[in-house]
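Trainee: I'd like to go through this assembly with you, one question at a time. Can we start with the ligands and work outwards?

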Amino acid sequence: ACSTGNEEPTTPDAAAGSENGSSDSCTIGMTQINQTAIFFTQMNEGAQEAADELGCELTIANANNDSARQSSDIENFVSQGVDGIIVVAIDVNGVGPAVDAARDQDIPVVAIDAQLDNVDTFVGVDNEAAGKEAAEWLIENGMAEGKSYGVVDAKNSFIQNQREDSFREVIDAAGAEYTQSVNGDNVQEKAATAAQNLVTAQPDLDFVYTTGEPATVGAVSALSPDSDTVIVGWDLTKEVIAGIDSGLVHAVIQQNPRQEGVEAVTELKAILDGAEPKGFIDVPIDIVTQENVEEYRAIFN
Amino acid sequence: MTTTTSTVPTAGKRERHLLTFVSRHFGVLSITVVFVLLFLFFSVRADAFLTADNLVNVMRQIAPTVIVAMAMTFVITTGQIDLSVGSVLGLSAALLGMWAATGKPLVALLGTLVLGLVVGMVNGALAAYGRMQSFIVTLAALTAFRGLALFVTEGYSTPIESTFLLPIGQGKLLGLYTPTWIAIAAVALAWYVFNHTRFGRYVIAVGSNAESLRRAGVDIRKIQMGVLALTGFAAALAGVITAARLASGSPNSGTMFELEVITAVVLGGTSLMGGRGSVIGSAIGALTLGIISNGLVLLRVDVYWVPIVQGLILVLAILMNTKLFGRFSGTRK
Amino acid sequence: MTTTTSTVPTAGKRERHLLTFVSRHFGVLSITVVFVLLFLFFSVRADAFLTADNLVNVMRQIAPTVIVAMAMTFVITTGQIDLSVGSVLGLSAALLGMWAATGKPLVALLGTLVLGLVVGMVNGALAAYGRMQSFIVTLAALTAFRGLALFVTEGYSTPIESTFLLPIGQGKLLGLYTPTWIAIAAVALAWYVFNHTRFGRYVIAVGSNAESLRRAGVDIRKIQMGVLALTGFAAALAGVITAARLASGSPNSGTMFELEVITAVVLGGTSLMGGRGSVIGSAIGALTLGIISNGLVLLRVDVYWVPIVQGLILVLAILMNTKLFGRFSGTRK
Amino acid sequence: MVDIRKKFGALSVLRGVNLRVAPGEVIGLVGDNGAGKSTLMKMLAGAVTPDSGRILVDGEEMTGSGPRAARSAGIEMVYQDLALCNDLDVAANLFLGREIYQPWSRRLDHGRMHAEAAEDLKKLHIRISDTSQEVGNMSGGQRQAIAIARAVTFDPKVLVLDEPTAALAAKEVEMVLQLIRDVSARGVSVVLITHRLQDLFEVCDRFVVLYEGVLHRELDPAETDLTELVTAMMGK
Amino acid sequence: MVDIRKKFGALSVLRGVNLRVAPGEVIGLVGDNGAGKSTLMKMLAGAVTPDSGRILVDGEEMTGSGPRAARSAGIEMVYQDLALCNDLDVAANLFLGREIYQPWSRRLDHGRMHAEAAEDLKKLHIRISDTSQEVGNMSGGQRQAIAIARAVTFDPKVLVLDEPTAALAAKEVEMVLQLIRDVSARGVSVVLITHRLQDLFEVCDRFVVLYEGVLHRELDPAETDLTELVTAMMGK
Ligand SMILES: Nc1ncnc2c1ncn2[C@@H]1O[C@H](COP(=O)(O)OP(=O)(O)OP(=O)(O)O)[C@@H](O)[C@H]1O
Ligand SMILES: Nc1ncnc2c1ncn2[C@@H]1O[C@H](COP(=O)(O)OP(=O)(O)OP(=O)(O)O)[C@@H](O)[C@H]1O
Ligand SMILES: [Mg+2]
Ligand SMILES: [Mg+2]
């Protein structure tokens with residue numbers, strides 16, 4: 001699969017063309033975690049794009065970080081009679097029963113981003129593995145041994161907790177010194193305030209690890225470019241690219257949510273047309289630094 | 001300096017009774033009209049809406065809101081408010097998951113419910129005996145209990161596998177899910193207590209004129225504390241149901257739940273100033289919220305439009321009824 | 001059937017004046033004591049707390065809360081509430097970013113502020129002229145405006161590069177950031193209007209006895225609408241400041257902001273029942289919240305404990321003061 | 001000054017009442033509890049809108065409705081429930097809706113209002129030491145005195161007093177009666193509602209008896225005695 | 001039945017008052033507006049806690065404090081501000097704190113309460129047609145009648161009436177005075193606060209004059225005339 005988002009994705013046209021006609025209806029329901037992170041917005045866009053090209057009708061429901069609402073949305077999709085469902089799980093444990101219920105009705109289910117064991121296909125990266133991967137990258141680049149760091153996280157996000165814990169496990173083992181975490185609640189200005197307080201409390205940090213887009217953007221605006229503390233975090237935005245340019249942001253772990261969306265819809269359509277579920281579609285992370293940031297400028301405009 | 005008198009016949013007895021009835025049950029009638037209109041609209045416009053499966057689902061989805069709205073009606077009628085129910089729901093769900101994982105599901109269940117009751121009593125004691133405004137006490141609790149839920153679980157959810165607990169959320173009886181039956185029982189109980197017991201009457205009196213009730217020799221602090229204990233318990237019950245339905249105890253359950261519950265209660269005609277409330281109104285209010293979010297998904301409303309449309313429906317619903325029924329409500333506040 | 005009389009000297013005049021002063025400014029004094037205690041505690045326990053840099057930062061961080069708390073004091077004193085300020089903040093920040101990107105920063109700035117005012121007036125008109133409870137109107141607005149912010153931005157934040165706008169959030173004057181100066185101006189203006197103009201007096205009267213004010217020939221609906229327009233405007237201003245500070249207009253700005261603002265106002269001694277308020281109290285309330293979240297990080301309190309400790313401090317602060325000053329507040333509600 | 005009017009709650013409270021008040025006249029409006037006296041007078045003061053009927057001042061229909069119009073037409077009323085703002089102080093209540101302020105800075109002139117309030121109260125022989133006391137904690141009689149002071153200090157053309165003496169001590173009652181005589185001598189029309197019927201005989205030019213929402217009788221004090229009045233109030 | 005007591009707000013409202021009420025005695029408690037009459041009686045009824053001083057009933061210290069203790073000691077009071085719950089109906093207000101309910105189901109006996117309420121009101125000659133009306137919309141006099149009915153229907157030992165007749169029509173006032181005579185004949189002690197001084201002479205066994213928080217004078221009605229009483233009220 002693709003890694004930068006700039007490469008040609010598995011063209012939806014080709015996918016549609018190759019298995020044309022075996023199913024005439026294609027309505028898809030997609031339950032999304034929230035709409036307040038660009039990450040999910042891009043995923044929605046990718047899914048919408050693919051749906052348009054494949055002639056599918058896509059309905060997206062926003063669960064607003066509420067896993068009960070997410071289950072309700074899945075149930076509502078089933079009532080509505082959709083042909084396939086895409087789940088971006090808030091709580092990987094909590095969507096289980098609703099997904100089972102959908103599959104009992106012979107509705108195929110594809111999961112994105114958060115791995116569920118009872119779906120047809122999982123698209124994306126394992127956040128836990130990606131957190132480890134990020135830590136290993138830092139170790140290779142000499143950012144672990146003897147360095148101290150703090151974390152700006154979002155305790156109300158299951159995924160971001162995974163990113164934090166797996167990252168810390170690996171990097172602490174490599175000799176990095178963890179100081180403290182602050183909670184940005186997945187809101188930009190709260191993350192900015194938290195990051196500012198963090199560097200006041202810990203003026204000698206080598207880097208700050210941010211677990212998601214609001215935390216990263218917040219930290220970028222809170223920290224001054226000429227400080228010795230750099231940011232290593234998740235999810236690019238235009239603001240973060242500016243931070244990379246100024247040297248404040250050292251590295252960004254970038255997923256490809258748009259591609260995830262495309263892949264998920266394409267896969268669902270394929271299953272509806274009779275193909276075997278692929279089980280797992282890898283959309284790996286990429287680590288963006290000053291060297292390869294150019295490729296991303298075009299996406300974030 | 002002339003004075004003349006003319007007598008105009010009063011309205012017929014029958015009509016007068018009707019008017020009195022309408023003006024007294026104004027809130028409930030109003031939300032019922034809104035509910036029926038929305039129900040008809042969705043039935044006509046969304047194919048899948050009026051199917052047994054869908055309605056059964058909606059009634060399960062909204063059950064936690066209905067249950068907590070029952071208790072919240074008592075709280076709001078006393079002139080207080082409980083903002084912590086969402087956090088208590090999350091804490092309860094998280095703890096149920098963790099405790100059930102130790103292999104003692106009954107203990108986990110009872111422990112969670114007792115915890116909810118205790119937490120509510122602490123809120124209530126601070127408000128009633130500490131003489132703090134319930135708004136601020138439960139706002140502090142909103143922060144603290146969510147924090148506690150995240151603390152005990154470290155932010156992760158726990159899968160629930162107990163065959164004893166799962167039926168609480170997923171079991172079916174006579175075509176309806178267990179949560180729906182629990183909600184129906186809660187409505188019946190709340191209706192009885194609110195309208196037919198001394199406790200219910202004192203709840204109204206506290207909200208209407210607390211000093212008057214105090215002078216009548218009733219310990220108003222017990223009432224104020226009691227209703228907050230009730231919401232704590234109801235929130236824990238809702239947490240259990242949610243966790244059992246999702247087969248997962250998540251500390252993030254119930255985010256913004258308090259606003260949904262309060263909206264349901266206010267939609268149902270209970271006054272935030274206290275003194276007037278209706279448990280039936282609250283139940284219909286909750287159902288209305290349930291069919292709105294269900295119906296909008298079934299209508300395939302664009303995801304960005306859903307909150308905007310929800311807000312508009314809410315305002316229109318209340319506005320329409322103020323205009324429609326406004327003339328019955330008289331000049332009183 | 002015997003009756004005797006004994007006369008006990010009344011308290012000295014000086015002491016009586018003091019008592020009157022204390023009981024009248026009870027709310028402000030109470031939060032001031034809490035603020036000073038917390039300030040001293042953090043100064044002693046957290047090394048970095050009492051540094052110019054940190055204090056300057058805190059005063060910038062809390063500026064949006066202070067500004068909106070000023071307007072919210074008016075709203076709550078009239079007995080209303082505005083739950084939509086967080087969403088209006090987010091909408092304003094998002095629109096400022098989008099409009100500034102078109103290259104007309106001044107138009108963007110004015111457009112955003114006017115929009116906030118208009119949005120507030122719509123809330124106010126629905127509450128005052130539509131005779132709906134402000135709680136429910138602004139709750140609907142909370143949902144709808146957040147949805148609108150996401151709709152117009154499609155969820156993206158927009159970087160702000162305008163050298164005209166950025167100083168609003170990042171400029172420095174005499175050692176303090178621009179947001180701090182704006183907040184100081186807002187407090188001074190609010191204090192003047194609240195205590196020294198007819199509008200301020202009518203705000204209190206509406207909350208105290210709206211019917212009485214109405215009978216005095218004042219159009220209470222104008223007052224009720226006016227204060228909600230004020231919070232709309234203040235929220236937009238806070239949105240501008242937030243966006244300029246972060247150099248990014250994000251539609252998710254201001255999530256849960258309304259609860260922070262309301263907490264600040266209530267901490268400052270304004271009654272949610274209306275009729276009593278203090279703008280200075282609200283400002284100190286906001287500062288208190290600011291130093292709590294700053295101080296806890298500087299004390300390196302574990303991230304999971306922060307909300308728990310915050311909740312506890314809140315409760316203790318109010319509880320202590322109810323007990324400490326309780327005897328001055330008399331038997332009144 | 002008043003024309004036919006009616007009002008319904010769910011029950012008809014006023015079923016067509018006509019009332020005319022001449023300048024300088026003192027009318028005693030009496031009737032049983034619940035007869036509709038307060039409701040009728042609230043309409044005159046604009047606090048309640050009649051379902052139908054017109055209110056004429058000096059022969060002209062009152063422009064606009066509501067308390068503001070009534071006030072500018074010179075109608076002031078002391079309400080039975082007093083209508084004071086408990087959270088405001090004495091001076092603020094007296095000047096409610098008519099605050100004194102500097103036009104350019106819009107700053108309230110607290111000093112002048114307190115001074116004038118103290119003076120007005122003194123003129124009315126009301127003993128309230130401190131005009132910056134909040135009225136919420138004052139005694140029933142003190143509150144009533146403030147409500148009276150508020151209505152009379154602004155030179156009304158028509159003064160409506162709804163049970164102004166219910167909570168007052170004997171001396172203060174005497175003072176209120178004297179006040180009524182004074183203002184009516186100045187040409188102010190007064191409508192007095194009270195259940196202290198003896199008082200009525202002292203000051204009234206005419207009695208108007210309201211019975212179950214209709215204007216039952218009109219009596220001349222000179223030709224009426226107490227028993228006759230009480231009988232009339234019972235609808236006979 | 002009452003011992004020394006004091007109370008401060010920021011000002012001393014009661015500065016050491018002793019009062020003793022014998023069974024069946026009717027005491028007229030008078031004083032200027034703001035003298036502290038209502039405050040003193042609220043203490044007796046438990047609604048306000050004195051700063052110091054004791055309350056003895058039949059020679060024994062009242063067990064516990066608060067309105068509950070006062071009620072169980074047989075003290076009932078009609079408050080000047082009536083203390084009714086506007087959102088409850090007439091019957092609910094009458095039975096507030098003493099609801100009738102079936103012990104096992106804890107179900108309120110609405111039917112019986114409405115029936116008894118209607119009967120009690122009728123016994124007191126109060127004309128209120130419908131006991132399921134909400135009291136919030138009723139007229140001043142109707143509300144006062146309900147407050148009186150509430151206090152007297154439960155056979156108190158001591159009945160405190162704080163301005164019970166302020167809003168009542170003449171006939172109803174007469175009824176209240178008759179009521180006082182009746183209950184005192186049955187051995188109930190009555191404390192009557194009123195500014196309608198003539199009424200006092202009709203029913204009281206003793207006058208107690210409160211002046212600025214102290215018990216200024218005690219007078220025997222038989223040896224006092226109206227002017228003397230008024231003079232006493234002015235602290236002379
Ligand atoms: N807002 C209202 N809604 C419904 N009924 C009302 C309202 N206001 C007054 N009433 C009813 O109208 C009737 C007349 O009330 P009103 O206050 O005018 O009587 P009143 O003559 O002033 O009596 P009183 O001498 O006791 O003061 C009463 O029966 C009362 O219950
Ligand atoms: N809760 C309170 N807080 C402060 N002051 C109070 C309070 N209650 C009463 N007062 C003051 O105590 C004084 C006595 O009040 P009280 O009501 O006992 O007078 P009263 O003798 O009943 O007068 P009236 O004849 O006017 O009813 C008044 O000056 C009043 O302002
Ligand atoms: Mg009246
Ligand atoms: Mg009194």
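Trainee: How far does a polar side-chain atom of Thr39(E) lie from an oxygen atom of ligand 2?

Mentor: Keep in mind that this is a predicted model, where local features need pLDDT of at least 70, side-chain atom pairs count only at pLDDT 80 or more, and totals for chains, interfaces and linings use all residues. Residues are numbered from 1 along each chain as its sequence is written, chains are lettered from A and ligands numbered from 1 in the order in which they are written, and side-chain values use heavy atoms, with hydrogens and water left out. A polar contact here is a pair of N or O atoms within 3.5 Å; within protein, one must be able to donate a hydrogen and the other to accept it, and residues adjacent in sequence count only if both atoms are side-chain atoms. For Thr39(E) and an oxygen atom of ligand 2, the distance is 2.5 Å.

Trainee: Which other side chains of chain E put a polar atom by an oxygen atom of ligand 2?

Mentor: One of them has a polar side-chain atom 3.0 Å from a ligand 2 oxygen, and that is Gln80(E). Another, with a side-chain N or O atom 2.9 Å from an oxygen of ligand 2, is His195(E).

Trainee: Which chains surround ligand 2?

Mentor: Count a residue as near if one of its heavy atoms lies within 4 Å of the molecule. Of the 18 residues around ligand 2, the nearest are Ser139(D), Gly141(D), Lys37(E), Ser38(E) and Thr39(E). The site is shared between chains, because the residues around ligand 2 come from chains C, D and E.

Trainee: And which chains surround ligand 1?

Mentor: There are 18 residues around ligand 1, and Lys37(D), Ser38(D), Thr39(D), Ser139(E) and Gly141(E) come nearest. This site is shared between chains too, since its residues come from chains B, D and E.

Trainee: How far is an oxygen atom of ligand 1 from an N or O atom in the side chain of Thr39(D)?

Mentor: Look at chain D around the ligand: a side-chain N or O atom of Asn33(D) is 2.9 Å from a ligand 1 oxygen. A polar backbone atom of Gly36(D) is 2.9 Å from an oxygen of ligand 1. For the side chain of Thr39(D), the value is 2.6 Å.

Trainee: Which chains share the most contacts?

Mentor: Contact means heavy atoms within 4.5 Å. Some chains miss each other by that test: chains A and D have no contact, with their closest C-alpha atoms 38 Å apart, and chains A and E do not touch, with nearest C-alpha atoms 37 Å apart. Of the 8 pairs in contact, the one with the most contacts is chains B and C.

Trainee: What kind of axis relates chains B and C?

Mentor: Superpose by least squares on the C-alpha atoms of residues with pLDDT of at least 70 in both copies. Chain B then lands on chain C with an RMSD of 0.1 Å, after a turn of 180° and a shift of 0.0 Å along the axis. So the copies are related as by a two-fold rotation axis.

Trainee: Which C-alpha of chain B is nearest the axis?

Mentor: The same surface serves both copies, with 100% of the contact residues of chain B recurring in chain C. The chain B C-alpha nearest the axis is 4.0 Å from it and belongs to Met273(B).

Trainee: Where does Asn186(A) lie?

Mentor: Its phi is near 60°, a positive value in a residue other than glycine. Going by DSSP runs numbered from the N terminus (helices are H or I, at least four residues; strands are E, at least two), Asn186(A) sits in the loop between strand E7 (177-183) and helix H7 (188-201) of chain A.
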